[in-house]
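Me: I would like to go through this structure with you. Could we begin with the terms?

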Amino acid sequence: MNGVLIMMIGVSMVALFLAICALLWGIKNKQFDDDYKFTTLNDSEEALNDAVILEKRKKEALEKKNQEKQP
């Protein structure tokens with residue numbers, strides 16, 4: 001029983017080490033960098049206005065739904 005437990009701990013430690021190495025490799029090679037995702041460089045003014053209007057409609061729908069639930 002103790003041998004199995006020691007083997008499971010060893011395998012878990014190796015797996016953790018490999019996961020940390022993979023994470024550090026990804027950070028080093030800039031796999032997680034996205035310079036253009038959260039910018040407005042590719043969005044037109046009309047697209048941004050449409051997004052604002054859509055967000056307002058969602059809020060209004062949620063408020064209406066919440067008011068209907070209240071007695």
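Reply: Buried means under 20% relative accessible area, exposed over 50%, and partly exposed in between (1.4 Å probe, protein chains only). This is a predicted model, where local features need pLDDT of at least 70 and side-chain atom pairs count only at pLDDT 80 or more, while totals for chains, interfaces and linings use all residues. Residues are numbered from 1 along each chain as its sequence is written, and side-chain values use heavy atoms, with hydrogens and water left out.

Me: What percentage of the residues count as buried?

Reply: Of the 71 residues, 1% count as buried.

Me: How many helices and strands are there?

Reply: The protein has 2 helices and 0 strands; these are DSSP runs, helices being H or I with at least four residues and strands E with at least two, numbered from the N terminus.

Me: What span should helix H1 have?

Reply: Helix H1 (residues 2-28) should span 39 Å, because its 27 residues are taken at 1.5 Å a residue; the expected span is 1.5 Å times one less than the number of residues. The end C-alpha atoms of H1 are 39 Å apart, in agreement.

Me: Changing topic, where is Ile-9, and is Ile-9 buried or exposed?

Reply: Ile-9 is in helix H1 and is partly exposed, because its relative accessible area is 49%.

Me: And where does Lys-30 lie?

Reply: Lys-30 lies in the loop between H1 and helix H2 (45-69). Lys-30 counts as exposed because its relative accessibility is 57%. Its phi is near 60 degrees, a positive value in a residue other than glycine.
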